[in-house]
Each structure stands twice: as C-alpha cells, then as structure tokens.
Amino acid sequence: MLEQLSIDHPSYLRKDASESTVMAPPTNQNPADSSAKQSLEAGLAALKQQDYPTAIALLESVTQTAANQPSGIRAQMGLVAAYKATGNVKEAIALCSSLAKSPNTQVKTWAERALKELTPPRPPKPPANKPKSAETPPETGFVAFDAGTKSPKKSLGSDRPSADKKTGFLPLDPVVEPENAKSKPISPPPPPPTQPIRPTSEGGHGGTAPTETAPDTEISSENSSASPTDIPGVASPDTYQLTWREAGRAKSPRPLKPLKLLEFRLQAVASAIALFFLARFVLQFLLTNTNSLLVQLYIFTRLPIFAPIQLFYRDPTPFVQMVFGLLLASSPWLIDALLKLFCGIETLRGSVLSKHSKEASRVLRSFCTKQNMPVPVLKLLPLNVPVAFSYGCLPRFARIAVSRGLLEQLTDDEIATIFARELGHISHLDFAPMSLALLVIQIPYLIYWQVAHWQERLCDLMTIEFLRSAVKFVAAAISATSYGIYKLFRWPMLWLSRRRVYFSDRTAAEITGNPNGLTRALGKIAIGIADNIEQQKQTSFFLESFDLLLPVGVGQAVTLGSAALHAPLEQILLWDVSNRERNWLTVNRAHPLLGERLKLLALYAQFWQLETELDLANAGVQEQPRKGKLSLFKSILEFKDSKLFLQGAPFFGIPMSLAIVGVLWLIGGIFSRTSIWQLDWLWGDRSILWGCLPIGFSIGTLMRINYFFPDITPRETASPSLPEILSNPDSLPLDAEPVRLEGQLLGRSGMNNWLGQDLILQTATGLVRLHHVSRFGYIGSLWPFLFKETTRPSDLIGTSVVATGWLRRGATVAIDLESLRSQGGRVSDSGHPIWSAILAFAAAFWGAYIIIQGPR
C-alpha cells in the first residue's frame, strides 16, 4: 500500500539508489552542477536529521544556482518542509505560490496541495459530505501522492493516462488497496550492490499469514522512502508495496463449457511430427557438411585421419525414429536421471506435502479417483525458486515435480491450484509430447553447457598457449552451434506450449473453484523467478533448459516479476491485455502473455460471481468496430499504413515478392503467345520464384531499418523506470525509444555467455534483458582477437554499467544495445543496425544470384 506522505517529512525528496540508476547523469558533468547536487544531498540529509538551520542554508544555496533545474525544484520543495518545521509559514507559503506557477502540472499540483495545508480554510469547518477517514492524519492531511483519487476497483479500460510526447512512456498513478482488504506485503529486493541500500519493510515473498496494512500517520526518518524521479506524482518504487486482496473462491462453481480436446491432441501430435522432421533435417545437414569439411581437409593434407565417414552418407531417418521412440518411452526415467544429476531431485512424501498444503493432497486424490487414473509420482526439487512441472509418457508413469521454494512461498490454496494445473496437463495428455520435446532439446543444450564448462577446466591444465587457443576455438564453435540448434528445436513446440497453458489454467480453476488463488500463485512464481535471478546474478541453466514446462516463462518473469514489486500489477500488465498486436508478437514465445492469462482467470471469477484478485476482467476492452465491411483494397491500404506492417515488413515482403513473381509469369505467358519471344522465358521460371523470396525479405528489412534504429542523441535519450516502460499499452518493438539506463550487469560468465545469451541489466526498478551483436557478427563475439575487439559484454558481468540502445516492448521487454560502458571506462559496442543492413543486402545478392543462375 502506498504510504501517506506529508511535507513534514518529504521522503520523496531524498536521493535514492534508484534515481542514480534510472536518471543516469551525463558523463561530462558541469562542476557547478556537481556542487549543486552535493549541496542538495547534504541539505536533504540535514532535513532528515531535523537539522533545519543547516538544511535551509544548503537548500537556499541550491535554489540560487539551479532554480529552474530539477535539483532546484527538489530544493524548493525541501525548503517548504524546513520553513514549516521552523514556524516560518509565510516563507513556505510564498515558495509554494512560486511553485504553483510552474509549467509542470505535477509540480503545480503538489504546490497547490501544500498551500491548502499551509493555509487552512476560513472559517475552519470539516468538508461537506466527507467524513474524516481513520487513515488520514488529523493535522497533516496533505498527501504528496494522490493515492486516494483512484478506486482500486476502477476499470483499466477507461480514463487511461496519455503517454509523454517526447519519450512515449506513461506516468504511473499510485494505487491504494481497499482499507479492509487482506494483504500479504512483499518487500522489494535490494538494489544493485554497487549502489546504496535503501530500507525495506518487513515481509517476504509469499508470506503465509495475511496481514492488515495501514498507512502511518507520521513518517519517521527511519522509514522515509524515496521516489526515483525529481517530479512528484509518479509512482514511487520505494513507497509502493505489493499486497494481495485475498479474494475468495467459489464453493460450488458452475461448470464451464467443455474443452475441445480431440482437436488439441491432434495438434499436439502434429507438433511432435514437425519436431521429428526438423531434427532429421538438422542431423542430415550436420552429417553432410561434416563430411564435406573432412573431404576438403583430406585434399589439403592427404592424411587418412581426415577421410570422410561413410556412415554419415546414409539416410538418418531410421536412426531419428528410433531415438524419438526411445526418448518418449523412457522420458519419465530419463528426466528423473537428469534432475537427479544436476538438481538433486528427491521423492516428495505425502506427509511433507500435507504439511504445506492439505488441499493439494485432497485435490490429487479426488481428481485421480474421478478420472480413474493413478496418482502421479511426486518429486521435490531442492531449489529456492518457485517452479512446478509435470512429465512422463503415460498417465500411469506421470510425475509432478515441485520445488522447495514453491512449497515455502505459496499458501495452502495456491499450492493446490498449481498441482491442479499439472493434473490438467496429465489428463489432457499434452505432457507426453512436451516431455519428448524437452529431452530432444536437452541434447544440444547439454552439449552447449558442458562443452563450455569442460573447456575452462581443460584450458586450466594446459601450459602451451597455442593449445589453449585451439581448444577455445573449437569449443566456442561447438558450444555456439549447439545453442543455436537448441533455440531452433524449440520452434515446433511453441504453439503447443502456449495453447496447453490456457487449458491447464482453466482446468485448475474448475478443479479448485479458485481462480483468484491461481492468480496469486502465478504472480508469486513470476516474482520468485525474478528474485532468484537477482540472487544468483544469472539465469540458471535449469530455468533456461526447462522453460517449456514451467508455469510462467522465464523471459516474462524477468521483467514482470521484478517490476511487480515497484508498481501495481494492473498497470504493468496493461500491455498484455490491451495492445492490439500482442497476439502476433507472441509467436516466438513458449508461454502466452501473463496478463492475458490473469484476465481469463478474472473472467472465470466474474462468471462465478466472485471478487477478482486483479482488476483485469474489463481491461483492454477495444472500441466497437465501425459498421459496414471495408473493401479488400481499402483493408490492404489500411494494413499497409499500420505499425504492424512495418514491424513484420521483412516477413510480409516474402508474400509480396510472390505477387511480383505471379506478375512476371503472367507477362512471360502473354509474350509466349506472341512473336516477342525475348520475354517468354519468364513463363514458369522457378528460379524467379526462389530468387524473389530473399529479395522480398531484403526489401522489407530495408523498409523498416530506419524506424527500427533511430539515431541516438543525448538530448533525445530517455531514462525511464521499468514500471513506466511497462505501462505504455500501445508500444510495439517498432517504437524503438532510445534509452540510457544504469545498473549492474547480470548474466552467466565465460564461454556460456560469449554470444550474449544471458545479459540482464539490474536497475533499481527491475530487470531488463539486453541483446548484443558484435560489430563483426558472431565471429567477433566468439573470437574477438581476430578483429582486435577485446571487450565482450560477458567481460563486464558483475560491474556497474551504462546501457545505451533501443528499447523493444513486445511480449517481453528488451534493449537492443548500442553500447555498454563500465565505470572503469571499458566499452563493448554492438552492431544491430549494421548487421540488419548486411543481412538485407546479403539476401538481395543471394536472390539475384539464384535468378542469374537460372533453372537447373
């Protein structure tokens, strides 16, 4: 709950670690500005210690040197509190009157409220039709943030604030929970170690006992928290505290419409078949190219050791069929062995489960009895991160694995909803193809992980530098190729992975009658995953490799889970439920949008006439479409002018090129009927078809490159907080905002991160993923010494950095880097625009080459 702030203790004025992160100062700072900044900090510190004469002297010096700057405004606001504390109300009123004339509406609003407090109405009488609230201090009724103006039950679909014209980021309005609402306070995680630690309130993630929270009538210097911005009115990540309403559950829920499981299961089988053919193609490609490389080496060296392997010339289809069959049949025991080897999994006894959630034990027994299937084997992962997943080949061999963190951080009913989700996966039979896919993608992922790991150990034992370089060269190539194959193998299963989540969420709500409990559980899992990444300073191999099976995607949890501790969930999930193009932007994600899932759960709660845990049921309601159908030509023109067309221009260029091919074939067909034979070769020429495909991709890429990578200038570069980034419901990846954020760089170290697989910027308001591409491409990332480029982003892991680049707001939030600069002056440059242009021209040349070669 947002604390009620008074000008007696202007906690929103204190400089905080979050300000140094979000509002990054320029590198070439003016000495006068630096002096004013130091005086401001000293004055606010004196004000906090109630040393009012010193505070007034210091703050007055700041107002004289930087009156119209943000620091000057902060100093004037501090002087108002100091003047009032010393009884100099006349000076305080004069200063507030000056601030009330500010062109900034938020500063103006603050000053007007302060004036109301400093100049009580005449004659003094209580406001009409407005009884005094027990939460409002009797003497200091001024509230620095307008926390009481918004009802927590207000629909998010109306009265939406407008985005800032310069940055495109929405201001955040603080939200206050109902006075009588039960809540579980969750304290924000500490800021990066390189910055000052700010005080946190008591409480932990997912506490088991609900507590009543009420604002203090007076803010002491110990618990005075800060706003990360220089302007009041923006939601403060330090004053905001995540609380849960503890909305109820349905005792006798009405049944929902039956699911179409037959169609879903057929699509699951089709996904597994697509994975089989992709794996066969990749294996054949690797075997063929390995033999081609060996042939070239044999010709060059004439050594028998490089003779091609005859087995690699055979058709790999029977081998892939046998491997897939064995993996599917033995998936329960193979996954058990993997988890035992790398995580130390153990059996979860029923008594231990009953200790944490008696309802979960009842749900397991009753549902399995009703479905006439055996109770799944329960497994316990000794991990602090809250996760759960199911795996196996048949219901009789099914397993449900939960982590110790999930049992400790979730309440009784929330644990039961997660178990109900996994029972839904087992009853729908989608857990079998997902278990098969998990084992298939584990093969390249384990190669990537273990090659990088053992390369480091092997190089430590070598003393000859040439051998060490050779080992690194080969290991980097194998590790990077394996990681690329791992990413490729995920694609056939992405649709099934998203689809099955909707089904299991619905089944869990039906089994338990508790969609609100599942809402809280999913939110706490996302927060727990983000907290685990902050604590471990990297994304663990377990989280990345098992992402397909987890209740919440790791990519979503990184940003949403960390931002949930600094702003209301309804605000940071607004994009998920209201952006019109959101469904197109999830095609490369393994999980549907979290906001979309929680909105459906809110609709289930409304259907059962329950209070909703989050106000998402009516959020994202789109405007009614215009009456009458548009013509096809007009629809195409409107789509051509939309952002979505530019966003997907490289891919939409491919069907456009097919239309061009059709026109060329038509021209060739017409001239083949006449005496003009010079153009009849166009008719039916397949080389034109295949050549125009990459040319269309090239044209589309060049069309959007200027929109995708606008120029970055210091004046236009924004430094938004993470809640501000997430609160803009209309942004697309195409709306690339130049940003400059400061924080600590997290991620895996060593060869595991040479391609930038795990780069995360930890700011004071949350975590943001970073995308990096070397100016010399993947070769420059793997072997930078070839180009005299010595700094990889992974070399800066654990240090404080300034990240400059283009913000992408899609299904997840990420920054395409232009540069990473450490405090020590080390710089790692990125080349996203360069390689987009290179890719476009390479595709164009490839298409032209195909057309010139002609049909074969």
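This is a short walk through the fold, the core, two helix pairs and a few single residues of one protein.

Good morning. A word on the source first: this is a predicted model. Keep that in mind throughout.

Start with the whole chain. The protein has 856 residues, and 53% of them count as buried. DSSP gives 28 helices and ten strands. Now take contacts between residues at least 6 apart in sequence. Of those, 74% join residues at least 24 apart.

Next, the core. In soluble globular proteins, nonpolar side chains tend to be buried together. Here the largest nonpolar core has 132 residues. Which residues have the most contacts inside it? They are L339, F389 and F419. Helix 14, residues 431-461, gives the most to this core, with eleven residues.

Look at F419 on your screens. Leaving out residues up to four places away in sequence, F419 touches L348, L353, A360 and L364. F419 also touches L378, I400 and V402. Apart from this core lies another one, of 28 residues. Among its members are M77, L99, A111 and L118.

Now two helix pairs. Begin with helix 8, residues 317-329, and helix 9, residues 331-342. Their axes come within 5 Å and cross at roughly 75°. Angles from 65 to 115 degrees count as roughly perpendicular, so helix 8 and helix 9 are roughly perpendicular to each other. Helix 8 brings L327, L328 and A329 to the contact. Helix 9 brings S331, P332, W333 and L334. By class, that contact has six nonpolar residues, one polar and no charged ones.

The second pair is helix 16, residues 515-536, with helix 18, residues 554-563. Here the axes come within 7 Å, and the crossing is roughly 90°. That makes helix 16 roughly perpendicular to helix 18. On the helix 16 side you find A526, I527, I529, A530, I533 and E534. They meet V554, A557, V558, G561 and S562 of helix 18. The class count for this contact is eight nonpolar, two polar and one charged.

Stay on helix 18, because A563 sits there too. Is A563 buried or exposed? It is buried, with a relative accessible area of 0%. Sequence-distant neighbours show up here. A563 and E724 are 161 residues apart in sequence, yet their C-alpha atoms are 9.8 Å apart in space. Beyond four places in sequence, A563 touches I572, L722, L726 and T765.

Move to D576, in helix 20, residues 574-578. D576 is an aspartate, and at 1% relative accessibility D576 counts as buried. What does D576 touch, not counting residues up to four places away in sequence? The contacts are L560, R582, L593, L594, G595, E596 and R809.

Then Y486, in helix 15, residues 465-512. Y486 counts as buried, at 1% relative accessibility. Y486 and P444 are 42 residues apart in sequence and 5.4 Å apart in space, C-alpha to C-alpha. P444 is also on the contact list of Y486, along with I441, Y445, E544 and S545. Again, that list leaves out residues up to four places away in sequence.

Two loop residues come next. Both are worth a look for their backbone angles. N372 has a phi near 55°, a positive value in a residue other than glycine. N372 is found in the loop between helix 11, 358-371, and strand 2, 377-381. Its relative accessible area is 72%, so N372 is exposed. Q609 has a phi near 60°, also positive and also in a residue other than glycine. Q609 lies in the loop between helix 21, 594-607, and helix 22, 632-640. With a relative accessible area of 71%, Q609 is exposed.

Last, the cysteines. A disulfide is a covalent bond between the sulfur atoms of two cysteines. How many disulfides does the model have? With a cut-off of 2.5 Å between sulfur atoms, the count comes to zero. Two cysteines to find on the structure are C343 and C692. C343 counts as buried, at 16% relative accessibility. C692 is buried as well, with a relative accessible area of 9%.

That is the tour. Questions, please.

Conventions: Residues numbered from 1 in each chain as written. Predicted model: local features only at pLDDT ≥ 70, side-chain atom pairs only at ≥ 80, totals over all residues. Heavy atoms only, no water. Buried < 20%, exposed > 50% of the residue type's maximum accessible area, 1.4 Å probe, protein only. Axes fitted to C-alpha atoms, helices over the stretch in contact; angles between N-to-C directions. Helix = DSSP H or I, 4+ residues; strand = E, 2+ residues; numbered from the N terminus. Parallel < 35°, antiparallel > 145°, perpendicular 65-115°, else oblique. Contact = heavy atoms within 4.5 Å. Nonpolar A, V, L, I, M, F, W, Y, C, P; charged D, E, K, R; others polar. Core = buried A, V, L, I, M, F, W, Y, C linked by side-chain atoms within 4.5 Å.
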